[in-house]
Every structure is written in structure tokens, then in C-alpha cells.
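Work through the exercises below with the sequence and the coordinates at hand. Each task is followed by a solution that goes step by step.

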Amino acid sequence: MMSLRFLAAAALCASTPLPAQQALTARGPEGDLAGTLVAPQDGQPLLLIIPGSGPTDRDGNNPMGVTAAPYRLLAEALAGRGIGTMRIDKRGMFASKAAASDPFAVTIADYVRDTRAWIAAAREATGRDCIWLAGHSEGGVIALAAAQDAEGLCGLVLLAAPGRKLADILREQLRANPANAVLLDEALAAIVRLEAGETVDTAGMNPALMPLFGSRVQPFVIDLMRYDPPALAATLAVPLLIVQGGKDLQITLADAEALHAAAPDAGYAILPDMNHVLKDVEGTTPQANLAAYDDASLPVSPALVDAITAFVSRPQEDGQ
């Protein structure tokens, strides 16, 4: 027997047509970067969604346990407001595999170059004078770095973006989980070396630490640790909206507060029930929160859609 939840989801899909989507490419270092464009309606804005850390695809899914499709669902919800989106696969991954032979041989500056290529491609495809960047999680650092050059940009939306250097966030996350006690000393020692720009010998390393500190990812981690998000936010010359969920298990309100302190004129939206994958969750248990990470039937937070719509539409209405 089908559940009421399934029937409700089916009814919603039947009554809400999906937005028209088209494939779009941009120039990558070795081949094309691949993405999905949902064109904006006449006069409406366009957002380029920059994905979070690791092998996260254009829909916001990740083979390491995320199948919630938050970017696809956000794009569909914004399309209902007439707002266009561009969702992308990172160089060397998924449909952008041809763009780089080694997806791990990358720096933030490389991702910034890819972002600029996408800005140019999206503007050409839609005729827009400028587009918005929406950086999620680690993608927020890339968006902040890319937005230091304001050419072709209307502004920037940060979604659960870090407000501290990576080393500080890793220390807090590792210490917060009691299950990490047996490997905490080893992990903290690795962070100290990486923070100093030195690689770590992984021979004999606890296998549980390899996703964080494997030899292939260490050069990128070292590079990312050099970036200070509040310092980047303080120098922006474009409008900024900071959005943070109150039930985010990975990025905290302290991060949002640090970003806002650095850019006090920015828009600032704290959504009490939203978690890291942009879904509203009930209760306060980690189990309930993490259940949303693999639930693509759960929509993105309606308050998130409202906040983005209000922010990116305002300059359009003012004729900017």
C-alpha cells in the first residue's frame, strides 16, 4: 500500500510542472564544464549555485551520504518565482569529468576561474548584464573569492557558508563528536601541520581520518585553510545576503555572525528550522536532522526561497 506521504508527493508533482531545463557548458582547463540552466523569466534574475565540498554534484547530492537534491529542489522552487538558476558539476567530476584529468589537483583559485567561466557562459546564454552567485557551504568560500572581481555580478548569496578558517571549523567539529575521542589527538596534530602548509604522512593513519586527510586531498586542504571568509566578506563591492540555518550540524550561527560582523550592511537571515542541506527539520535529535540528508521528497525550506527571492528581486525592481 502506498503511504500518504508518497501520494501527497505524487499529487504535488502532478499539479506543479517542472521548469524547463537545458544543458549548458563553459570552458574548463582541459575540456568543457557541464551544467543545467533554468532560464529566468523576462526581467527576472539568474543565480549560479556553487556546490559545497567534495564530490557534490549539480543537484547537491554526494556519494558520501547526501541524496537530498537540495540544489535541484531550490532551482525548482525559485523557478516558481520566475527566477533562473545555473547548477554545475565541478571540474573533473560527473559530467564535467573531461574538464580535468585529476579532480583533486585543484585550488580555490582554480574554482574561481571556473566560476568566472560560468558567469560568462550564463550571461551569454541569457543576455543578462549580471548574475548572482549562491555559494553553499565550501562553495561560499569560492563565491566570496570569485566576487572580489565584481564584473558581471549583481551580488552574492551565502548559504550555510563558513565564517571562520577551515582549521578552526575542523577542530570544533571533531571535538563536538564524542565518537572521535580515540582519534582526536591524531586529527588535531594533522590539522596543525596542514595549517602550517606541511603535508602529513598517512602511513599508519587511522582509516577514519582518510576522507579528511588523505594524501590526494591534502594540497587542496592546505590551500583552503589559507582563506579567511570574513576578510573576503569585508571587501565585497556587491550586495551580500547571509543565510544560516538554526539546525545546521556543520556550520554554526557563530559563522554567520562572524560574516555579518565583517559585512554589517549585508542582508542577514537566520532560519531557525533549516539544516545544512537546506531542509526544515522537526525536533532536535541528530537522527532526525540527518534523515533529511537522504530525503529528496522533502522540499527546501520555504523561508529560504522567500529570503532569496526578496533579496535578488530588490535590485531588479530598482533598475540595477
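**Exercise 1.** Determine how many disulfides the structure holds, and locate the cysteines involved.

*Solution.* Counting pairs of cysteine sulfur atoms within 2.5 Å as disulfides, one finds that this predicted model holds 1 disulfide. The bond joins cysteine 130 to cysteine 154, with an S to S distance of 2.1 Å, and the 95 degrees about the S-S bond make the link right-handed. The pair links distant parts of the chain, 24 residues apart: cysteine 130 lies in the loop between helix H3 (108-126) and strand E5 (131-136), whereas cysteine 154 belongs to strand E6 (residues 153-159). Helices (H or I, at least four residues) and strands (E, at least two) are DSSP runs numbered from the N terminus. Residues are numbered from 1 along each chain as its sequence is written, and side-chain values use heavy atoms, with hydrogens and water left out.

**Exercise 2.** Decide whether cysteine 154 is buried or exposed.

*Solution.* Buried means under 20% relative accessible area and exposed over 50%, with partly exposed in between (1.4 Å probe, protein chains only). Cysteine 154 has 10% relative accessibility and therefore counts as buried.

**Exercise 3.** Establish which residues of helix H6 are buried, and where they lie about its axis.

*Solution.* Helix H6 covers residues 184-195, and its buried residues are Leu184, Ala187, Leu188, Ala190, Ile191 and Leu194. Seen down the axis, these buried residues fall within an arc of 155 degrees, so they line one face of H6; the arc is that of the directions from the helix axis to the C-beta atoms. The buried residues of H6 pack against helices H5 (166-176), H7 (210-213) and H8 (218-225), where contact means heavy atoms within 4.5 Å.

Key. Predicted model: local features only at pLDDT ≥ 70, side-chain atom pairs only at ≥ 80, totals over all residues. Expected span 1.5 Å × (residues − 1).
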